Amino acid sequence: MRVELALSLAGHDKGHYYVILREEGDFVYVADGILKLCEQPKKKNCRHIQRIKKLPAEVTELLLNQEDRNDLNVKRALKLYQQRIQNTDRKSVV
């Protein structure tokens with residue numbers, strides 16, 4: 001299974017990061033571990049998200065095992081990814 005994150009581009013959750021749990025046709029099911037849990041994921045149109053395929057190794061390791069994918073690991077992975085983005089942005093500004 002490939003691990004992917006998504007950035008919401010449209011809707012009231014614009015700018016929010018999610019983990020893609022599964023795909024069905026033109027839709028993906030995403031979770032963030034806080035409001036949208038793995039048991040009840042949010043259904044999003046593929047046109048309304050930007051897929052993030054290139055991830056740090058730490059994020060991939062947290063989400064790689066399908067059996068261990070729970071809300072706590074999803075929250076940790078998203079938090080870790082957002083910290084990495086902020087650190088990268090700070091380095092490029094300086």
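A residue counts as buried under 20% relative accessible area, as exposed over 50%, and as partly exposed in between. By that yardstick C46 is partly exposed, because its relative accessible area is 24%. Keep in mind that this is a predicted model.

## Cysteines

Let's stay with the cysteines for a moment. The structure has zero disulfides. C38 takes part in none, and the nearest cysteine sulfur to it, the one in C46, is 18 Å off. Seen from the other end, C46 has its closest cysteine sulfur in C38, and at 18 Å that is too far for a bond. A disulfide would need the two sulfur atoms within 2.5 Å.

The two residues also sit on either side of the burial cut-off. C38 is buried, at a relative accessible area of 17%, while C46, at 24%, is partly exposed.

## The sheet

Now for the strands. Five of them make an open sheet, ordered β4-β3-β2-β1-β5 and paired antiparallel. At the edges are β4 (42–45) and β5 (49–52), each of which pairs on one side only. On average, neighbouring strands in this sheet are turned by 45 degrees against each other, direction ignored.

How many bridges join β1 to β5? Four do the job, with β1 covering residues 5–8 and the two strands running antiparallel. Within that pairing, S8 faces I49, which belongs to β5.

## A tyrosine pair

On to the rings: the model has one aromatic pair. Its partners are Y17 and Y81, which meet edge-to-face, with 5.7 Å from centre to centre and 70 degrees between the planes. What does the pair tie together? Y17 comes from strand β2 (residues 17–24) and Y81 from helix α2 (residues 71–93), so the contact links parts that are 64 residues apart in sequence.

Both tyrosines are tucked away by the same cut-off used for the cysteines. Y17 is buried at a relative accessible area of 17%, and Y81 is buried too, at 11%.

## Charges over rings

Two other rings have a basic side chain for company. For Y29, the visitor is R22, whose charged end sits over the ring, 4.1 Å from its centre. For F27, it's K43, which lies over the face of the ring at 4.5 Å from the centre.

Technical notes. Residues are numbered from 1 along each chain as its sequence is written. This is a predicted model: local features need pLDDT of at least 70, side-chain atom pairs count only at pLDDT 80 or more; totals for chains, interfaces and linings use all residues. Side-chain values use heavy atoms; hydrogens and water are left out. Rings of Phe, Tyr and Trp (its six-membered ring) pair if their centres lie within 6.5 Å; planes under 30 degrees apart count as stacked, over 60 as edge-to-face and the rest as tilted. Buried means under 20% relative accessible area, exposed over 50%, partly exposed in between (1.4 Å probe, protein chains only). A charge sits over a ring if NZ of Lys or CZ of Arg is within 6 Å of the ring centre and within 35 degrees of the ring normal. Two strands pair if DSSP finds at least two bridges between them. Axes are lines fitted to C-alpha atoms, for helices over the stretch in contact, and angles run from 0 to 180 degrees between N-to-C directions.
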